[in-house]
Amino acid sequence: MNDRLDGRRSLPAVEKFLQRGEMKQLSEVYGRQLTLLATREVLDEARRLIRHNNLVITEDDLVRDIEENLIRRTSPSLIPVVNASGVILHTNLGRAPLSREAMEAAVKVACRYSNLEYDLVKGKRGSRLYHAEKILCQLSSAEAALVVNNNAAAVLLVLAGLASRRAVVIARSQLVEIGGGFRIPDVMRQSGAKLVEVGTTNRVHLEDYRSALEQKPAMFFVAHRSNFKIIGFTKEPPLDEIAQVAHQADIPLVVDLGSGALLDTASYGLAHEPMVQEALQAGADLVCFSGDKLLGGPQGGIILGKQVLVEKLRRHPLARAVRADKVALAALSATLLHYLKDEALQKVPIWQMIALSKEEINRRANRWREWLAQCGVQSTVIDGVSTVGGGSLPGETIPTALLAVKPRQAEQFLKQLRQNHPAIIARIEQDRVVFDPRTVFIDEESYLLEAIAALRGQIA
Ligand SMILES: *Cc1c(COP(=O)(O)O)cnc(C)c1O
């Protein structure tokens, strides 16, 4: 049956239309309710078109439109993309990709029962706090650890748990906005802590911290500036000296590291990013950092330090509200194991990317160029820079090689790359669209190149 429907004949009733064989199949795949909804929408639209434009629409057209409508309604909106931008920790692109081991650990606990809060030896209730935290203490030599939902939550919990209605001393040069509305002063206010700013925008002295003790603060708080640099006439006392002043007054020093590197970025031609171990050695009583920045794991907020302080945070009502979920805990533990086994550089994707040499990237970019040339696509390999991103190492770049193509309309070209599934994210440099092999996984290469070749008509 392929009746032509036009202005002279009304469309079939929805219920009757749903009796068709193809419609019954769609109903089975997508469910009755949703199929009914899509059918109503498509038939309404068809009626409108027939009335106003005198269009001819067949029933097969309608079935096809309904299927498309259903596919649109049921496609996930959160999907993978190919990151050819060269920004390793791209906050908009989900920050750190997980290692294979971390992914497998997450999958294992996601679709089965687990001993999340069950002590298998005693056969009774255990604690979810046990899993990742044991490895964290081993790695950092901290007395205790606590994992929460993200680092913003960690900062909030530390301030609410240890400084509510009390003064917290922080340098003016550290009253930062991390992005996405996370501002240190605002978080302080939310936590109920009273902000006591010391020093000036560019300079803070140890004496400023000493004077602030008059305010009877609950803690000294040091925040990593993360996404910007202050250069020129600047000064901040070293962490160990701030710790000394805090400890003489019997108050804790808390350090928000932001990225929380466990490996030294300076070994890879970058500036030195403050490391977790260093902050603890310098005398920080608590440090907190993200799970999905330079650690290279899942979203999470990690708090490390003195047992008495961590214990206080565990018992705080907010701890329950910001706790980490089992899938993240499994992935985090597996990620931390890479560090414990001294294999992070080989297994954690963001560290593999950071450590890739320019020569290796240059070889890959040239392979891409040759492959494209065989498809008749003109491209060049040029020098460029990758960045770490994700609120770490502001202004720091890693030399890289870029594949560059010159489309007639660069913006339009980027847009079309984004319309692929998975979408492809590249960037524009001087009218050229450039692709950085550093952030492209090897198994994404042929997909990426075919997508570029498919747009050859637009390349000058
Ligand atoms: C990124 C960052 C945060 C927020 O961490 P999330 O894990 O994104 O919640 C907090 N403080 C600093 C200094 C940061 O760099």
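Modeller: One term before we start: a polar contact is a pair of N or O atoms within 3.5 Å; within protein, one must be able to donate a hydrogen and the other to accept it, and residues adjacent in sequence count only if both atoms are side-chain atoms. This is a predicted model, so local features need pLDDT of at least 70 and side-chain atom pairs pLDDT 80 or more, while totals for chains, interfaces and linings use all residues. Residues are numbered from 1 along each chain as its sequence is written, and side-chain values use heavy atoms, leaving out hydrogens and water.

Colleague: Cool, let's go to the ligand. How far is the polar side-chain atom of aspartate 256 from a nitrogen atom of the ligand?

Modeller: Aspartate 256 is among the residues around the ligand (a heavy atom within 4 Å). Its side chain has a polar atom facing a ligand nitrogen, and the distance is 2.6 Å.

Colleague: And which residue has a backbone N or O atom 3.0 Å from an oxygen atom of the ligand?

Modeller: Not arginine 95, whose polar side-chain atom lies 2.8 Å from a ligand oxygen. The list around the ligand also includes His224, Ser226 and Lys293. The backbone atom at 3.0 Å from a ligand oxygen belongs to asparagine 151.

Colleague: Back to aspartate 256: what is its bridge partner in β14?

Modeller: Aspartate 256 is in β13, residues 253-258 (strands are DSSP runs of E, at least two residues; helices are H or I, at least four; both are numbered from the N terminus). Four bridges join β13 to β14 (residues 286-290), and these strands run parallel. In β14, aspartate 256 has as its partner cysteine 288.

Colleague: Why is one side of β7 and of β11 left without a neighbour in the sheet?

Modeller: The sheet is open, with seven strands in the order β7-β15-β14-β13-β12-β8-β11 and mixed pairing (two strands pair if DSSP finds at least two bridges between them). Strands of a sheet pair through backbone hydrogen bonds, either parallel or antiparallel. One side of β7 (144-148) and of β11 (194-198) is left without a neighbour because they stand at the edges, each with a single partner strand.

Colleague: By what angle are neighbouring strands of the five-stranded sheet turned against each other on average?

Modeller: That open sheet has the order β4-β16-β17-β20-β19, again with mixed pairing. Its edge strands are β4 (87-89) and β19 (427-429), each pairing on one side only. Axes are lines fitted to C-alpha atoms, for helices over the stretch in contact, and angles run from 0 to 180 degrees between N-to-C directions. With direction ignored, the average turn between neighbours here is 45°.

Colleague: Which residue in β16 stands opposite valine 87?

Modeller: Two bridges join β4 to β16 (residues 380-389), and the two strands run parallel. Valine 87 stands opposite threonine 387.

Colleague: Helix α17 packs on that sheet, so to speak; what angle does its direction make with that of β17?

Modeller: Helix α17 (residues 358-374) touches β16, β17 (397-405) and β20 (432-435), where touching means heavy atoms within 4.5 Å. The direction of α17 and that of β17 make about 5°.

Colleague: Is serine 85 buried or exposed?

Modeller: Serine 85 sits in the loop between β3 (81-83) and β4. Leaving aside neighbours within four places in sequence, serine 85 is in contact with His90, Ile425, Arg427, Asp436 and Thr439. A 2.6 Å polar contact also joins its side chain to that of asparagine 83. With a relative accessible area of 6% (under 20% is buried, over 50% exposed, partly exposed in between, using a 1.4 Å probe and protein chains only), serine 85 is buried.

Colleague: What is the relative accessible area of threonine 39?

Modeller: Threonine 39 lies in helix α3 (residues 32-53). Beyond its neighbours within four places in sequence, threonine 39 is in contact with Val14, Phe17, Leu18, Met23 and Ile66. Its side chain also has a polar atom 2.6 Å from the backbone oxygen of threonine 35. Threonine 39 is buried, and its relative accessible area is 0%.

Colleague: Zooming out, how far apart are the C-alpha centres of domain 1 and domain 3?

Modeller: An automatic or database domain assignment gives domain 1 (4-74), domain 2 (81-89 + 355-458) and domain 3 (100-347). The C-alpha trace of the whole protein spans about 90 × 55 × 45 Å along its principal axes. Between the centres of domain 1 and domain 3 the distance is 55 Å.

Colleague: Last one: what share of the residues of the protein count as buried?

Modeller: The secondary structure comes to 19 helices and 20 strands. Of the 460 residues, the share that counts as buried is 48%.
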